Each structure stands twice: as structure tokens, then as C-alpha cells.
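I opened a new notebook page for this structure. My plan was to look up one helix, then the pockets, then an annotated site.

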Amino acid sequence: MFIPEKNAMGDDEYHPLSRKGSNLTEAGGIGYMVVDVLDSLQVMGLKDEYARARKWVEEKLTFERNATFSTFETTIRVLGGLLSAYHLSDYDPLYLDKAVELADRMLPAFNTPSGLPLPLVNLAEAKGYHTSDFPGLSSIAEVATLQLEFRYLAELTGDEVYWRAVEKVMDVVKRARLPHGLASIFLAIEDGQYHTSAIRLGSRGDSFYEYLLKQYIQTNNSEPVYREMYEDAMDAIHQYLIQKSMGNQMIYTSELIPENGPNGELTWRLTPKQDHLVCFFGGSLMLGATRTGATGQTVSVPPRPEELTEKGLRDWKTGAELIKTCMHTHDTKTGLAPEIVYFRVPSDGMDGYAMAPPDWYIKGAAAGEFPPYDARYMLRPETVESLFIAYRLTGDQRYRDHGWRIFEAIEKHCYVPEGGFATVVNVDENPARLEDKMETFFLSETLKYLYLLFSSSELVPLDKYVLNTEAHPLPIFNPSIKTGFS
């Protein structure tokens with residue numbers, strides 16, 4: 001029996017140090033942990049554990065919760081988990097019934113003037129709500145990372161309402177395109193226009209770019225609009241965000257921060273900051289190179305240069321270099337990567353200091369002070385996700401070697417005997433201090449990607465599946481619904 005099952009079966013969240021579970025709301029939980037891990041158990045062949053998880057879903061999972069839940073997180077974790085489990089179970093109707101019930105409760109969140117969904121939804125009321133911290137706004141990642149799940153549900157049920165709701169969102173996003181082709185992290189829900197805000201591939205922005213490519217892949221390359229949007233975004237990212245560090249010329253992605261100029265005009269400040277979340281992007285670029293940048297119908301493993309277009313080669317090389325950079329961020333005392341790193345630039349004032357790092361550093365991690373948020377490792381999956389994709393596309397053993405070192409570091413520094421795995425407070429501190437938190441994505445993504453990295457390419461093959469942003473495998477299909485978006 002897996003430890004969280006013994007201590008917190010059915011709870012949304014798990015706390016490994018106290019060996020307790022908790023729920024997202026006082027009204028109760030919606031099975032985050034159980035549903036998020038269903039397909040991991042299926043993929044890994046853990047039949048007994050899966051049977052107990054299925055029984056819990058059948059007997060105890062309820063969405064009659066009078067409280068607000070994240071529209072985005074509920075979609076990628078719960079709806080995505082149910083749909084993946086449905087497919088991998090050879091179409092067990094339990095999961096489809098639950099998925100339909102959940103989606104129907106969430107659909108009213110899309111009833112806004114622009115069609116952009118509200119970021120919160122009360123599942124008992126079937127009603128959307130604004131957030132208190134950013135009223136009137138939603139992030140580009142939150143609104144544009146719902147499509148794989150709702151589109152697949154529409155294909156399964158034949159009910160176009162699910163498809164049209166999320167397709168409308170993409171139409172709004174396309175029409176709101178900014179001149180530079182990048183996406184600010186916030187949009188106004190009322191009119192569907194971008195709100196002046198940071199531009200980045202990390203928090204609140206990341207999975208928008210991921211789903212541009214994956215929507216194109218999901219429907220078997222049958223919707224060129226997503227290819228066009230993806231290629232447009234990749235051109236903009238290369239033009240504005242891709243940078244090189246001072247020391248070893250490491251490729252990284254920067255952020256653009258809006259500021260008021262001396263005459264009140266809008267200016268953008270380039271900031272050499274990269275979230276660990278961005279480490280999905282290396283593998284995504286390599287996958288995109290073989291799907292949108294191929295000169296023919298098939299691509300070798302690894303691709304030969306003549307099999308890729310000029311932009312395909314560009315994306316392939318940038319992706320491989322970003323993975324190298326992300327692996328370098330594991331060069332810490334624990335071998336684990338921090339949540340946020342900053343890269344060296346000439347204006348950072350560090351030149352002349354004997355201990356100045358050549359390429360990157362954790363901001364504010366001064367000796368003797370309590371570690372900043374940037375220094376923690378939250379059991380995140382993004383680097384191993386890229387390693388999995390890169391290995392599948394190249395067969396290069398070094399990606400497995402990198403993955404194995406990360407697994408060993410997790411096992412050494414994050415494991416809690418009789419408790420599970422915990423967040424590390426400071427990756428540059430050994431022995432590591434731990435925080436009483438184990439995110440569901442550790443089970444759904446990190447462990448699954450590590451397992452797939454060392455499995456046969458016939459298990460969840462990339463030519464038959466697209467994995468949602470929570471690593472739930474969904475099948476590639478030819479849509480029976482006529483798409484109306486161009």
C-alpha cells in the first residue's frame with residue numbers, strides 16, 4: 001500500500017512529514033490525489049493499487065461541493081485524469097460518466113462576455129467566479145490549457161458544446177494577438193484583450209505555448225490554425241526571449257517586465273529570470289521540430305538534418321540546449337534544481353567578486369538567512385518531462401543518465417520514511433530541510449515521466465498519444481466534429 005493511500009486516501013493533498021491529508025476547501029475535496037494518479041497506476045501496471053483507487057472513485061468521489069475550485073487545475077488534474085483513465089481502462093464507463101458530470105458543472109464558467117472562462121468554479125452551484133487577488137483577469141495559461149481535455153470529451157460524447165466552449169477561447173486569444181506575437185500573462189475576461197503584464201514562459205504563461213503545439217498534434221495535424229499560432233509564437237520567443245548566459249553561453253529564456261518610460265510610454269525590461277516550470281520547453285521544442293518542422297511525413301530517431309526545415313532545425317537545437325541548461329541547474333549540493341534561477345548579465349554588478357557564479361544563481365540565497373522561495377525544489381516534473389521526450393526522439397542514453405541522477409537525488413533528499421516524499425526548502429543545503437508538502441503532480445507527472453523514460457517506446461508512444469500538461473495521456477484522433485476555427 002502506497003503511503004499516502006494509508007494515511008490520506010481520498011484527500012486532495014498530502015503532507016508527508018505529518019502523514020496527514022487535507023482538502024482544498026472546507027466543503028470537502030474532489031479527489032485530486034486519487035484521480036491524478038489513476039493513469040500512473042495503470043501505466044505502471046500496479047493492478048491492486050489501481051483497483052482500490054477505482055473503488056474509491058466509484059463509491060466516494062463527489063463533485064457536490066459548495067466551494068470554489070480552480071477551473072484550470074480541476075480540468076488538467078481531475079477531468080484530464082478521468083479521461084485518461086477511461087481510455088487506458090478500455091473505456092470503463094465509470095470514468096466517462098464522472099467526466100461528463102464534472103464538465104457539465106464547469107461549463108457555466110465559460111458564460112462570460114468574451115467567452116474566456118472565469119478562473120474559479122463552484123461545482124455545487126455550477127457557477128463561475130472571479131478571483132479576489134486578480135478580479136476581472138485570468139492568466140493565459142489558465143484559459144488556454146483546457147482544450148485537450150474538453151475536446152477529447154466532445155469527441156467521446158459527440159456533444160459539441162464542450163468543443164465549442166474551448167475553441168471559442170482560442171479564437172479570442174488569436175484575435176487578441178499582440179504585435180510582437182508573445183502573450184502577456186493576463187487577459188481581461190470582459191473583453192478578451194491582453195492586460196499589460198509580464199511576458200514569460202514560466203508561471204501563468206507556460207502551458208499556453210505547450211497546448212498550441214499539442215492541440216495541433218491531438219487532432220492528427222488536421223487543424224492548421226494551431227500550427228500557425230505555434231510557429232508564430234516560436235518565432236517571437238526566439239526573437240525576444242531566448243538569451244545566452246555570460247560564462248558558458250548557456251541558452252535560457254528571459255522575461256519581459258512592463259514599465260512606464262520617462263515620458264509615460266510603455267517600455268519592456270528584459271529580466272534574466274527562468275522558472276523551473278520553463279524546463280518543459282526544451283522537450284516541447286524538440287517535439288515541435290519533428291511535428292511542425294519536418295520536411296516529410298516521417299522523421300528518423302534522431303532526425304537527420306535534411307528531415308527538418310530551417311525553423312525545425314532552429315527549434316531542435318534550441319530545445320536541446322535548453323535541456324542542457326536545465327540539467328546545469330541541478331548542479332547544487334542536493335543535485336536538485338531550484339524553483340527559480342537568475343542568469344548572469346553584464347549589468348548585475350557581480351564582476352570582480354571571487355565567488356561570483358559564471359552562469360546562474362539563486363537570488364537572495366545568502367548564507368545564514370532563511371532560504372527564499374526561489375531555492376526550493378517542489379518535486380516538479382518539468383526537467384524529467386523534457387528528458388523523456390528528448391530520449392524518445394533521439395534514443396540518446398545521456399537523457400536516461402540525467403534522469404537517473406535526478407531520481408537518485410529525489411530518493412536521497414526528498415524521501416520521508418513512512419511518510420512519502422517532501423519538498424526541499426533549499427537545494428543548496430545538505431542535509432536538506434524539508435517542507436510538509438507533496439504535490440499531486442509528483443505522482444502524476446514526475447514519477448510517470450521517470451517511469452516512461454526507462455520504458456519501451458511502445459508504452460504511451462508519442463505517435464499515438466498526446467500528454468496533457470498534467471501528464472495524462474490522451475489519444476490522438478481524427479475529429480468527427482467539424483471544427484469551426486481558422
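Entry 1, a helix. The model I worked from is predicted. I started with helix 11, which has twelve residues. From its first C-alpha to its last, helix 11 reaches 17 Å, close to the 16 Å expected at 1.5 Å a residue.

I then asked how many residues of helix 11 are buried. Eleven of the twelve are, so helix 11 is largely enclosed by the rest of the structure. I wrote down the buried ones: Phe280, Phe281, Gly282, Gly283, Ser284, Leu285, Met286, Leu287, Gly288, Ala289 and Thr290.

Next I looked up what these buried residues pack against. Their partners are helix 9, helix 10 (224–240), strand 10 (251–253), helix 12 (310–328), helix 13 and helix 14 (397–413).

Entry 2, the second largest pocket. I noted about 750 Å³ of space in this pocket. Its lining has 25 residues, and Thr290, Arg291, Val299, Leu462 and Asp463 lie nearest the centre. Helix 9, helix 11 (280–291) and helix 13 are the elements that each give two or more residues to this lining. Helix 13 supplies the largest share, three residues. By class I recorded ten nonpolar, nine polar and six charged residues in the lining. Thr290, one of the buried residues of helix 11, is thus a name I had already written down.

Entry 3, the largest pocket. Here the space comes to about 1000 Å³. I found 48 residues in the lining, with Phe72, Glu73, Arg77, Ser203 and Arg380 nearest the centre. Elements giving two or more residues to it include strand 1 (13–15), strand 3 (68–70), helix 9 (206–218), helix 13 (382–394) and helix 15 (440–453). Which element gives the most? Helix 4 does, with four residues. The lining divides into 20 nonpolar, ten polar and 18 charged residues.

Entry 4, an annotated site. In the UniProt record, an unreviewed entry, the annotation "binding site" covers Thr469. I located Thr469 in the loop between strand 20 (465–467) and strand 21 (473–475). Is Thr469 buried or exposed? Its relative accessibility is 15%, and the cut-off for buried is under 20%, so Thr469 counts as buried.

Last, I listed what Thr469 touches, leaving out residues up to four places away in sequence. The contacts are Ile76, Thr145, Ser207, Glu210, Tyr211 and Glu445.

Methods. Residues numbered from 1 in each chain as written. Predicted model: local features only at pLDDT ≥ 70, side-chain atom pairs only at ≥ 80, totals over all residues. Heavy atoms only, no water. 1 Å grid on protein atoms, 1.4 Å probe; cavity = no way out; pocket = protein on both sides within 12 Å on 5 of 7 lines; lining within 4 Å. Points joined across faces, edges and corners; volume = space filled by probe spheres on them. Nonpolar A, V, L, I, M, F, W, Y, C, P; charged D, E, K, R; others polar. Expected span 1.5 Å × (residues − 1). Buried < 20%, exposed > 50% of the residue type's maximum accessible area, 1.4 Å probe, protein only. Contact = heavy atoms within 4.5 Å. UniProt positions renumbered as here; feature names shortened; annotations may be inferred.
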